[in-house]
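Hi,

Here is the structure I said I would pass on. Have a look at it first, and my notes follow underneath.

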Amino acid sequence: LEGRVTRLAEEGDHGFIETADGREVYFHRNSVLGGGFDDLEPGAPVRFAEEDGLQGPQASTVRVA
């Protein structure tokens, strides 16, 4: 799937991706491939794999597009 980072948490350990159909998907810093979480900014295009998490949809792997 493809989307864009919409926001990053102030705590610096997670963020959210908006999908092409307008859904919001949670992701954790450990899901970003290559340790690139600290380089992400809102609006960055990403590709990701989605799975069901305990509190809804989440990205299991995130790669900067």
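Let me start with Ser-31, which sits in the loop that runs between strand E3 (24-28) and strand E4 (45-53). Keep in mind throughout that this is a predicted model. Is Ser-31 buried or exposed? Its relative accessibility is 11%, so Ser-31 counts as buried, the cut-off for that being under 20%. If you skip the neighbours within four places in sequence, what Ser-31 contacts is Ala-59, Ser-60, Thr-61 and Val-62.

Two of those partners turn up again in the core. The largest nonpolar core has 12 residues, and Ala-59 and Val-62 are among them. The full set also takes in Val-5, Ile-17, Val-25, Phe-27, Val-32, Phe-37, Leu-40, Ala-44, Val-46 and Phe-48. At least two residues of this core come from each of E3, E4 and strand E5 (56-64).

Ile-17 is a good place to click if you want to look around in there. Not counting residues up to four places away in sequence, Ile-17 touches several fellow core members, namely Val-5, Val-25, Phe-27, Val-46, Phe-48, Ala-59 and Val-62. The rest of its list is Gly-3, Arg-4, Thr-6, Arg-23 and Glu-24.

Just along the chain, Glu-18 belongs to strand E2 (residues 14-19). With 39% relative accessibility, Glu-18 counts as partly exposed. Its contacts, again leaving aside neighbours within four places, are Gly-3, Arg-4, Thr-6 and Arg-23. From Glu-18 to Val-5 the C-alpha distance is 6.3 Å, for a pair 13 residues apart in sequence.

Now the charged pairs. How many salt bridges does the structure hold? There are five. Here is what I noted on them:

- Glu-2 and Arg-47: their side chains form a salt bridge at 2.8 Å, N to O. Glu-2 is in strand E1 (residues 2-8) and Arg-47 is in strand E4, so this pair ties together parts that lie 45 residues apart in sequence. Glu-2 is exposed, at 53% relative accessible area, while Arg-47 is partly exposed at 45%.
- Arg-7 and Glu-24: this salt bridge comes out at 2.9 Å, N to O. Arg-7 is in strand E1 and Glu-24 in strand E3, so parts 17 residues apart in sequence are tied together by the pair. Both partners are partly exposed, with 41% for Arg-7 and 41% for Glu-24.
- Arg-29 and Asp-38: another salt bridge, at 2.9 Å, N to O. Arg-29 is partly exposed, with a relative accessible area of 28%, whereas Asp-38 is exposed at 57%.
- Asp-21, Arg-23 and Glu-50: salt bridges that share partners join these three into one network.

Arg-7 deserves another line or two. Besides the salt bridge, the side chains of Arg-7 and Glu-24 are also listed as a polar contact of 2.9 Å. Leaving out neighbours within four places in sequence, Arg-7 is in contact with Gly-15, Phe-16 and Glu-24. Val-62, by contrast, is 14 Å from Arg-7, C-alpha to C-alpha, and the two are 55 residues apart in sequence.

Finally, the whole chain. What does the secondary structure come to? The protein has zero helices and five strands, which gives the pattern β-β-β-β-β along the sequence. The radius of gyration is 10 Å, close to the 11 Å that the globule rule gives for 65 residues, so the protein is as compact as a globular protein of that length. Along the principal axes, the C-alpha atoms fill a box of roughly 25 × 25 × 20 Å.

A few totals to round that off. Of the 65 residues, 29% are buried. Among the contacts with a separation of 6 or more, 42% are between residues 24 or more positions apart. The protein exposes about 4,200 Å², and carbon and sulfur atoms supply 45% of that.

That is what I have for now.

Cheers

Key: Residues numbered from 1 in each chain as written. Predicted model: local features only at pLDDT ≥ 70, side-chain atom pairs only at ≥ 80, totals over all residues. Heavy atoms only, no water. Helix = DSSP H or I, 4+ residues; strand = E, 2+ residues; numbered from the N terminus. Buried < 20%, exposed > 50% of the residue type's maximum accessible area, 1.4 Å probe, protein only. Contact = heavy atoms within 4.5 Å. Core = buried A, V, L, I, M, F, W, Y, C linked by side-chain atoms within 4.5 Å. Salt bridge = Lys/Arg side-chain N within 4 Å of Asp/Glu carboxyl O. Rg over C-alpha atoms; globule rule 2.2 N^0.38 Å. Areas by Shrake-Rupley, 256 points an atom, 1.4 Å probe, with all protein chains shown as cover. Polar contact = N/O pair within 3.5 Å; in protein donor to acceptor, adjacent residues only side chain to side chain.
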